[in-house]
Amino acid sequence: MSNTNSTPNTQSSRESRNSHDTNDTNDTNESVRNERNQNDADGRRPTPMEVLRQARAQLTELTGLVPETVSSFEQTEDGWSVEVEVLELARVPDTMSLMASYQVELDPEGQLTGYRRVRRYERGRADARGGR
């Protein structure tokens, strides 16, 4: 037996959530663009917090995945290196959702120069290997 009565509500709910997520992403991207323009006008380097915001926004724009947390962040000789955790596939229960760690490389001004997925795991799983 199929529950067709809830289908329009479910789709409407999904569309509403997606619209909300898209608006949040657009707001974040606009904020990052404003920070970047301000930095260019000032002739100064972005602060670490600005770099983090730019990394998250640029990764979202390229992959469509919304970062949940930043698990590492460091300045390198070539700019910045950030490891970001994202939800790749939502499942029920939430502990079975697939997460991924992405290594994001940025230049000294905070512009993304590359990214790669370094790990994929279930949300409820602890690392078996010490630390990674």
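Tutor: A nonpolar core is a set of buried Ala, Val, Leu, Ile, Met, Phe, Trp, Tyr and Cys residues joined through side-chain atoms within 4.5 Å. The structure discussed here is a predicted model.

Student: Which residues touch the most other members of the largest nonpolar core, and which elements each supply at least two residues of this core?

Tutor: The largest nonpolar core has 14 residues. Those that touch the most other members are Leu59, Val82, Val84, Val86, Tyr102, Val104 and Leu106. The elements that each supply at least two residues of this core are α2 (48-63), β2 (79-89) and β3 (98-106).

Student: What is the order of the strands in the open sheet, and which are the edge strands?

Tutor: The open sheet has four strands with antiparallel pairing, in the order β1-β2-β3-β4. An edge strand pairs on one side only, and this applies to β1 (67-76) and β4 (112-122). The edge strands are therefore β1 and β4.

Student: Where does α2 pack, and what angle does its direction make with that of β1?

Tutor: Neighbouring strands of the sheet are turned against each other by 20 degrees on average, direction ignored. Helix α2 packs on this sheet and touches β1, β2, β3 and β4. The direction of α2 makes an angle with that of β1 of about 125 degrees.

Student: How many residues lie between β1 and β2 in their hairpin, and which residue of β2 stands opposite Ser72?

Tutor: Strands β1 and β2 pair in the antiparallel sense over eight bridges. They form a hairpin with two residues between them. The residue of β2 that stands opposite Ser72 is Glu83.

Student: Is the aromatic pair of Phe73 and Trp80 stacked or edge-to-face, and which of its two residues counts as buried?

Tutor: The ring centres of Phe73 and Trp80 are 5.1 Å apart, with 5 degrees between the planes, and the pair is stacked. Phe73 has a relative accessible area of 29% and is partly exposed. Because buried means under 20% relative accessible area, the residue at 7% counts as buried, namely Trp80.

Student: Why does the pair of Tyr102 and Tyr115 tie together separate parts of the sequence, and how many residues apart are they?

Tutor: Tyr102 and Tyr115 form a tilted aromatic pair, with 6.0 Å centre to centre and 50 degrees between the planes. Tyr102 is buried at 8% relative accessible area, whereas Tyr115 is partly exposed at 36%. Tyr102 lies in β3 and Tyr115 in β4, so the pair ties together parts whose separation in sequence is 13 residues.

Student: Which residue in β4 stands opposite Tyr102, and over how many bridges do β3 and β4 pair?

Tutor: Tyr102 has Arg117 in β4 standing opposite. The pairing of β3 and β4 is in the antiparallel sense, and the number of bridges is nine.

Student: Is Gly110 buried or exposed, and which residues does Gly110 touch?

Tutor: Gly110 lies in the loop between β3 and β4. With a relative accessibility of 0%, Gly110 counts as buried. Not counting residues up to four places away in sequence, Gly110 touches Pro46, Val51, Gln54 and Gln58.

Student: Which two residues are joined by a cis peptide bond, and in which loop does the proline lie?

Tutor: Most peptide bonds are trans. The cis bond here has an omega of about 0 degrees and joins Val92 and Pro93. Pro93 lies in the loop between β2 and β3.

Note on methods:
Residues numbered from 1 in each chain as written. Predicted model: local features only at pLDDT ≥ 70, side-chain atom pairs only at ≥ 80, totals over all residues. Heavy atoms only, no water. Buried < 20%, exposed > 50% of the residue type's maximum accessible area, 1.4 Å probe, protein only. Axes fitted to C-alpha atoms, helices over the stretch in contact; angles between N-to-C directions. Contact = heavy atoms within 4.5 Å. Phe/Tyr/Trp six-rings, centres within 6.5 Å; stacked < 30°, edge-to-face > 60°.
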